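Me: Please take a close look at how the helices pack in this structure. I would like one connected account, with the residues named.

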Amino acid sequence: MTLEICVKAAAGAPDVLGDCPFCQRVQLTLEEKKVPYKLNLINLSDKPQWFLEISPEGKVPVIKIDDKWVADSDVIVGILEKKYPEPSLVTPPEFASVGSKIFPTFIKFLKSKDPNDGSEQALLDELKALDEHLKTHGPFIAGEKITALDLSLAPKLYHLEVTLGHFKKWTVPEDLTHVKNYLMLFSRESFQNSKASKEHMIAGWEPKVNA
């Protein structure tokens with residue numbers, strides 16, 4: 001059975017997949033579990049009425065499972081895990097918070113106009129902590145096997161790599177070898193099938209960076 005999922009359309013290109021890491025996380029889960037799905041691309045600056053009826057808050061992703069529309073990537077991923085247990089993507093609870101501060105610290109640094117506000121160092125500290133974790137437990141967060149946490153973190157790291165490279169000419173330091181190795185996730189087939197293009201990602205962030 002093919003599942004229906006509503007995801008963000010690209011800014012200025014309503015027929016092209018947009019740059020939402022939470023939407024990509026759900027797509028990655030479906031891809032890794034080999035569940036067939038159909039994408040509905042939602043133009044978030046001009047939301048269609050039918051979409052607002054199924055998602056009154058106007059948020060993506062939403063997915064139709066057993067004739068019910070479900071919102072929130074955390075909830076969706078949990079339901080998919082129960083409904084399609086193979087292959088298991090369950091993250092061991094002791095690793096649940098690994099990398100959890102990377103996305104907010106990245107956004108702070110990306111939007112920062114003051115090079116001395118400590119936001120770059122805060123991001124480096126988070127990436128170093130991830131590097132240490134991967135050094136001990138890698139290559140993935142929970143060892144040899146990819147889990148739900150990798151599928152949540154990888155899209156956020158992709159946003160980090162593309163946007164910091166573009167807006168700040170900044171890249172993940174070479175000495176964080178385990179993180180660099182981890183970014184090979186981007187070359188997985190599931191990732192290639194679900195990622196937004198770099199130019200649409202940059203267009204999506206532009207208004208936030210220049211605000």
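Reply: In this predicted model, helix α1 (residues 21-32) and helix α3 (residues 73-83) have axes that come within 10 Å and cross at roughly 5 degrees. Angles under 35 degrees count as roughly parallel, so α1 is roughly parallel to α3. On the α1 side the contact is made by F22, R25, V26, T29 and L30, and on the α3 side by S73, D74, I76, V77 and L80. Sorted by class, this contact of α1 with α3 has six nonpolar, two polar and two charged residues.

A second helix pair is α4 (residues 102-111) with α5 (residues 119-137), whose axes come within 8 Å and cross at roughly 155 degrees. Angles over 145 degrees count as roughly antiparallel, and α4 is therefore roughly antiparallel to α5. The crossing of α4 and α5 is left-handed. From α4, the residues in contact are I102, T105, F106, K108 and F109; from α5, they are S119, E120, A122, L123, E126, L127 and L130. By class, the contact of α4 with α5 has seven nonpolar, two polar and three charged residues.

Ahead of these helices in the numbering are two strands, β1 (residues 3-10) and β2 (residues 13-17), which pair in the antiparallel sense over two bridges. A10 has A13 of β2 as its bridge partner. The two strands, β1 and β2, form a hairpin with two residues between them. In the turn, G12 has a positive phi of about 80 degrees.

Methods: Residues numbered from 1 in each chain as written. Predicted model: local features only at pLDDT ≥ 70, side-chain atom pairs only at ≥ 80, totals over all residues. Heavy atoms only, no water. Axes fitted to C-alpha atoms, helices over the stretch in contact; angles between N-to-C directions. Helix = DSSP H or I, 4+ residues; strand = E, 2+ residues; numbered from the N terminus. Parallel < 35°, antiparallel > 145°, perpendicular 65-115°, else oblique. Left-handed = near helix turned anticlockwise from the far one by under 90°. Contact = heavy atoms within 4.5 Å. Nonpolar A, V, L, I, M, F, W, Y, C, P; charged D, E, K, R; others polar. Pairing = 2+ DSSP bridges.
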